[in-house]
Structures are given as structure tokens and as C-alpha cells.
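Visitor: I am new to this one, and I would like to know how the words used for it are justified. Could you walk me through them?

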Amino acid sequence: MIDKNTKPVATRATFGETLARLGEKYPEIVCLDADLSKSTMSMHFAKKFPDRFFEMGIQEANMIGAGAGLALAGKVPFICSFGAFVTGRFDQIRMSIAYTQANVRIVGTHAGVGIGDDGHSQMALEDLACMRTQPTMAVLQPADDLETAAMIEELVRYPHPAYIRLTRQAVPRVHKADTAFKIGKIHSLRPGKDALVLASGGVVASSLEAAEDLAKHGIDLEVANVSSIKPLDTSWLREALKRHKKVITVEDHYVIGGLGGAIAEFLAEEGSGRLYRLGIQDVFGQSGTPAECLDHYGLTAPKLSKSFQGIVRG
């Protein structure tokens with residue numbers, strides 16, 4: 001259920017505030033940014049801990065190498081940029097972070113078409129696919145402020161490299177305040193019997209809204225938040241497949257290689273279930289307001305409601 005009593009917050013904002021707060025508790029945290037600290041919100045950490053913040057300039061590849069070195073020296077680095085820019089330096093991530101097993105936390109903000117006006121050049125639409133290919137790399141996408149804060153603190157202690165994908169736009173709270181978060185776990189947010197909707201990141205709330213709308217028309221959907229795309233909660237999914245024959249994935253990312261790709265691979269190995277992947281098809285991102293972009297690609301609640309209805313009744 002969407003918490004309508006809490007003001008929507010961009011997950012990048014929660015990241016910045018949380019990292020600054022955790023800096024006091026964990027002196028080993030350091031933060032690096034590639035000239036975007038006011039956008040990634042790492043500026044909060046920079047202001048509070050200037051001696052542990054490194055402004056690298058527009059040099060993402062250098063930032064990745066420096067972050068890896070700091071990790072191998074015992075620090076816990078969070079390296080920050082737009083998702084499209086930092087994962088665009090895939091070769092450096094592959095060799096400097098993944099191959100060396102440097103415990104760097106790669107923070108990619110401004111993910112998906114939800115960033116709006118800035119257009120395709122700054123829309124991370126393939127970042128999840130790239131990061132999923134790297135051995136031991138966790139790939140995470142929190143759905144709201146509560147989950148973001150919990151995930152950032154868990155990442156301080158996480159023993160592997162990780163990529164966390166955050167929103168530019170504000171997103172509603174979809175979890176209860178007492179929810180226990182853990183990397184590698186799926187959270188069911190709404191029970192239902194007609195189909196299973198697996199959503200991630202900024203479109204979790206719109207998926208819930210669409211499901212609530214369809215309940216008025218006799219369609220009962222279970223909606224779950226898959227914030228941990230890797231590692232994937234396969235135990236939960238196996239149990240869910242006993243309840244559902246139809247599975248729908250929803251993501252602000254290409255349907256190739258992201259959440260939809262991860263679930264497709266799982267279903268192929270399990271040999272069960274029928275999957276419908278909703279997300280960005282094989283096209284480029286367009287420029288517009290966030291609302292216009294999400295509507296154009298079918299990721300608003302009314303568009304999702306129509307898609308869900310067609311799948312369940314089709």
C-alpha cells in the first residue's frame with residue numbers, strides 16, 4: 001500500500017542524507033564524485049567530512065580506479081555519478097573493481113526515462129544489464145526512502161562490490177516503517193491471485209497504484225518489490241510460482257538484461273511460468289518531462305493498469 005501521509009522523496013536524496021549520517025558511525029567510509037555532487041547528493045557527505053570526500057572532476061574512469069585503490073587499502077568507498085556515466089566506464093569497473101574484488105559501492109543516480117527532460121544521453125537504461133554480468137557484484141534498486149536508507153547501511157558491511165541504482169524523481173513510500181530489509185530478499189507488498197507483478201525502483205509505486213485500480217474491476221494482482229536484482233531471491237520466487245502461472249515484470253530499464261532478463265533466466269531454468277516483461281523496449285529514450293516520458297513508455301499507473309488487464313484477461 002502506498003503511504004499517502006508521507007511526502008514522496010527521491011532515493012538519491014535519501015542516499016545523500018544517509019551517507020552523511022553514517023559517516024559518523026563508520027569512519028572507514030569515503031566518498032568520491034565525478035563533478036555531480038549536487039545531483040547525486042553526495043554533497044551532504046562532502047560538507048560534513050571534507051577530508052574524506054574526493055571531487056574527481058569529469059573523470060569517471062579515474063574515479064573508479066581511485067575507488068578501487070581505496071577499497072583495497074581498507075576503506076569503504078562510495079563512488080557517485082549518473083548511472084549512465086559511471087556504468088559507461090564498464091571496462092574500468094570490470095577490471096579495477098570486479099576482477100580485483102575491490103569492495104566499492106557504485107552509486108548510479110538519474111536512472112531510466114524517469115529523469116525526464118535530459119534525454120537519452122543521460123538516461124541509464126542498460127546499467128542493470130551491464131552490472132549483472134560481473135561476478136559477485138550485487139545489483140540493487142530500492143523502491144523508497146526507507147529501503148534506500150537501510151540498503152546504504154547494509155552496503156557498508158557488505159563483503160562484495162555493489163551497484164545501487166537511484167532515482168532523480170521523488171517516489172512515494174511503499175513500505176511500512178517496521179519493514180526489515182536485507183540484500184537478496186523480495187518483499188511482497190500486495191497479495192493477489194490472478195497474476196504476479198514483480199517491480200523494481202521508481203515504478204513500484206505505479207505498479208501498486210495500477211493493481212489497486214484493477215481490484216475495482218475484479219482483477220486481483222500480487223505486487224512484489226524486487227530491489228535486489230542480484231542476488232535474486234530464488235526461494236521466494238519458487239514459492240510464488242506455486243501461486244501464479246502468469247508473471248509480469250515492470251522496470252524503468254530495457255527489458256533486455258535488467259529485472260525482466262533476470263526473471264526470464266530464472267523461469268527458463270525452472271521450466272515453469274509465463275513471463276510478460278514491461279519496461280523500455282528496443283528503442284532509445286526520448287526527452288520530455290518525467291511524467292511524459294513514463295507515460296510514453298507505458299510506466300504510469302493508468303498505462304500499467306491497461307497492460308496488466310490485457311495480460312490477465314488475454
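Guide: Gladly! Please keep in mind that this is a predicted model. Let us begin just past helix α4, where G74 follows with a positive phi, near 105°.

Visitor: How do you know what length is expected of α4?

Guide: The expected span is 1.5 Å times one less than the number of residues. Helix α4, residues 60–72, has 13 residues. From its first C-alpha to its last it reaches 18 Å, close to the 18 Å expected.

Visitor: Which residues of α4 are called buried, and what makes them so?

Guide: A residue is buried if its relative accessible area is under 20%. In α4 the residues that meet this cut-off are E60, M63, I64, G67, A68 and A71. Seen down the helix axis, they fall within an arc of 135°, so they line one face of α4.

Visitor: What covers those buried residues of α4?

Guide: The cover includes two strands, β2 (29–33) and β4 (76–82), along with the helices α5 (83–86) and α6 (90–98).

Visitor: Now the sheet. Why are β9 and β14 said to stand at the edges?

Guide: Five strands form an open sheet, in the order β9-β11-β10-β13-β14, with mixed pairing. β9 (187–190) and β14 (274–280) each have a single partner strand, so one side of each is left without a neighbour in the sheet. Neighbouring strands here are turned by 25° against each other on average, direction ignored.

Visitor: What makes β13 and β14 a pair?

Guide: Two strands pair if there are at least two bridges between them. β13 (residues 246–254) and β14 have 6 bridges, in the parallel sense, so they meet that condition. One of the bridge partnerships joins K246 to R274 in β14.

Visitor: Which helices lie on this sheet?

Guide: Helix α11 (residues 259–270) lies across β10 (195–199), β13 and β14, at about 145° to β13. Helix α13 (residues 301–313) also packs on the sheet, touching β10, β11 (221–225), β13 and β14, and its direction makes about 150° with that of β13.

Visitor: How does the span of α11 compare with the expected one?

Guide: α11 has 12 residues and reaches 16 Å, close to the 16 Å expected at 1.5 Å a residue. Its buried residues are L259, G260, G261, A262, I263, F266 and L267. Their packing partners include α7 (127–132), β12 (228–230) and α10 (234–241). Just after α11, G271 takes a positive phi of about 70°.

Conventions: Residues numbered from 1 in each chain as written. Predicted model: local features only at pLDDT ≥ 70, side-chain atom pairs only at ≥ 80, totals over all residues. Heavy atoms only, no water. Helix = DSSP H or I, 4+ residues; strand = E, 2+ residues; numbered from the N terminus. Buried < 20%, exposed > 50% of the residue type's maximum accessible area, 1.4 Å probe, protein only. Arc of directions from axis to C-beta. Contact = heavy atoms within 4.5 Å. Axes fitted to C-alpha atoms, helices over the stretch in contact; angles between N-to-C directions.
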